[in-house]
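Student: Could we go through this one together? I'd like to hear the reasoning behind each label, not just the label.

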Amino acid sequence: MEKNQEMALTQMRKSVEKLGSSTEGYGEPTLMRFLIARSMDQDKAAKMFVQWQNWRAAIAPNGAISESEIQDELEPRKIYLQGLSKDKYPVMIVKASKHFPSKDNVQFKKFVVHLLDKTIASSFKGREIGNEKLIGILDLQNIGYKNIDARGLITGFQFLQAYYPERLAKCFILHMPRFFVSVWRMVSRFLEKATLEKIMIVTNEDERQDFIKEVGEEVLPEEYGGRAKLVAIQDVVLASLEG
């Protein structure tokens, strides 16, 4: 590790302590994600880290969200977990045509946490390193107006930005219908520049081929040009799921 990174980590740890918390139990890769997300500003990274700790304790006091807490959101089988991409990132697929805006906002937020936690946990065996990333695929094929959920999309991306810094490797958006463009324009106003740079809206054959190549045919379902079958996230069994 470079000397300036070591100095930044040391200062961040001190800043976290000044805010009344501790970095004990968290490795350097985890802390570096917060530093990178805040352009290596130690005080801002420390504030973000403590906010994450407080949020985590409130939304998942037991360390993880159990499936029993989010049954309504799991039932439509709209989220799929496909294994690891060519770059060893877990691949999560969202089929928006199976999603409807939630009447229970608390359950929806817990659902987002559960699927992000489980997707990240699927990328390692044993102990988490802390720098794991994921690939998200948002499939908008066959969506109607009843499926539009701008608030849900904003929640998902804001959680990634605020509480899962540097976890998103890439997000591909497929089959965006014309009527959704204005919705996406509104959603994107809530996204940071660093997040927007990781989002690719696939609109032509060249981009589709790049998408297939980056994700990998081994884990990409057949309907997207791969050789795998869709696997619902609740059908994926992990040895351990930690928060």
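Tutor: Sure. Keep in mind that this is a predicted model. Let's start with helix H3 and helix H6 (residues 150–163), which pack at an angle of about 125 degrees with their axes 9 Å apart.

Student: What makes H3 oblique to H6?

Tutor: Perpendicular pairs run from 65 to 115 degrees, and roughly antiparallel ones need over 145. An angle of about 125 degrees falls in neither range, so H3 is oblique to H6.

Student: Which residues of H3 and H6 make the contact?

Tutor: On the H3 side they are Met48, Gln51, Trp52, Trp55 and Ile59, and H6 brings Phe159, Gln161, Ala162 and Tyr163. By class that gives seven nonpolar, two polar and no charged residues.

Student: Now H2 and H3. At what angle do they pack, and how far apart are the axes?

Tutor: H2 and helix H3 (residues 42–59) pack at about 120 degrees, with their axes 8 Å apart. The roughly perpendicular range stops at 115 and roughly antiparallel starts over 145, so H2 is oblique to H3. The crossing of H2 and H3 is right-handed.

Student: Which residues of H2 meet which residues of H3?

Tutor: Leu31, Phe34, Leu35 and Ala37 of H2 touch Gln42, Ala45, Met48, Phe49 and Trp52 of H3. Eight residues of this contact are nonpolar, one is polar and none is charged.

Student: And why are H1 and H3 called oblique?

Tutor: Helix H1 (residues 3–18) packs against H3 at about 50 degrees, with the axes 8 Å apart. Roughly parallel would need an angle under 35 degrees and roughly perpendicular begins at 65, so H1 and H3 are oblique to each other. Their crossing is right-handed.

Student: Who meets whom between H1 and H3?

Tutor: Met7, Ala8, Gln11, Met12, Ser15 and Val16 in H1 meet Gln42, Asp43, Ala45, Ala46, Phe49 and Val50 in H3. That contact divides into eight nonpolar, three polar and one charged.

Student: Back to H2 itself. Which of its residues are buried?

Tutor: Thr30, Leu31, Met32, Arg33, Phe34 and Leu35 are buried in H2. The cover over the buried residues of H2 includes H1 and H3.

Student: How do you know that Ile36 is partly exposed?

Tutor: Ile36 belongs to helix H2 (residues 28–37). Its relative accessible area is 44%; buried means under 20% and exposed over 50%, so Ile36 is partly exposed. Through space, Ile36 is 8.3 Å from Pro165, C-alpha to C-alpha, though they sit 129 residues apart in sequence.

Student: What makes Ser39 exposed?

Tutor: Its relative accessible area is 66% and the cut-off for exposed is over 50%, so Ser39 counts as exposed. Ser39 sits in the loop between H2 and H3.

Student: What is notable about the phi of Ser39?

Tutor: The phi of Ser39 is near 50 degrees, a positive value in a residue other than glycine. Most residues other than glycine have a negative phi.

Student: Where does Arg77 lie, and what is its phi?

Tutor: Arg77 is in the loop between helix H4 (71–74) and strand S1 (79–84). Its phi is near 55 degrees, again a positive value in a residue other than glycine.

Student: Why is Arg77 called partly exposed?

Tutor: The relative accessible area of Arg77 is 35%, neither under 20% nor over 50%, so Arg77 is partly exposed.

Student: Then why does Ser188 count as buried?

Tutor: Ser188 has 18% relative accessibility, under the 20% cut-off, so Ser188 counts as buried. Ser188 is found in helix H7 (residues 181–188). The C-alpha atoms of Ser188 and Gly25 are separated by 35 Å, with their positions 163 residues apart along the chain.

Student: Last topic: how many residues are in the largest nonpolar core, and which have the most contacts inside it?

Tutor: The largest nonpolar core has 55 residues, and Met12, Phe157 and Trp184 have the most contacts inside it. Leaving aside neighbours within four places in sequence, Trp184 is in contact with Phe157, Ile173, Met176, Leu191, Ile199 and Ile201. Apart from that core lies another, of 17 residues, among them Ile137, Ala169, Phe172 and Val202.

Definitions and conventions: Residues are numbered from 1 along each chain as its sequence is written. This is a predicted model: local features need pLDDT of at least 70, side-chain atom pairs count only at pLDDT 80 or more; totals for chains, interfaces and linings use all residues. Side-chain values use heavy atoms; hydrogens and water are left out. Helices (H or I, at least four residues) and strands (E, at least two) are DSSP runs, numbered from the N terminus. Buried means under 20% relative accessible area, exposed over 50%, partly exposed in between (1.4 Å probe, protein chains only). Axes are lines fitted to C-alpha atoms, for helices over the stretch in contact, and angles run from 0 to 180 degrees between N-to-C directions. A crossing is left-handed if the near helix is turned anticlockwise from the far one by less than a right angle, and right-handed if clockwise. Contact means heavy atoms within 4.5 Å. Ala, Val, Leu, Ile, Met, Phe, Trp, Tyr, Cys and Pro count as nonpolar, Asp, Glu, Lys and Arg as charged, and the others, Gly among them, as polar. A nonpolar core is a set of buried Ala, Val, Leu, Ile, Met, Phe, Trp, Tyr and Cys residues joined through side-chain atoms within 4.5 Å.
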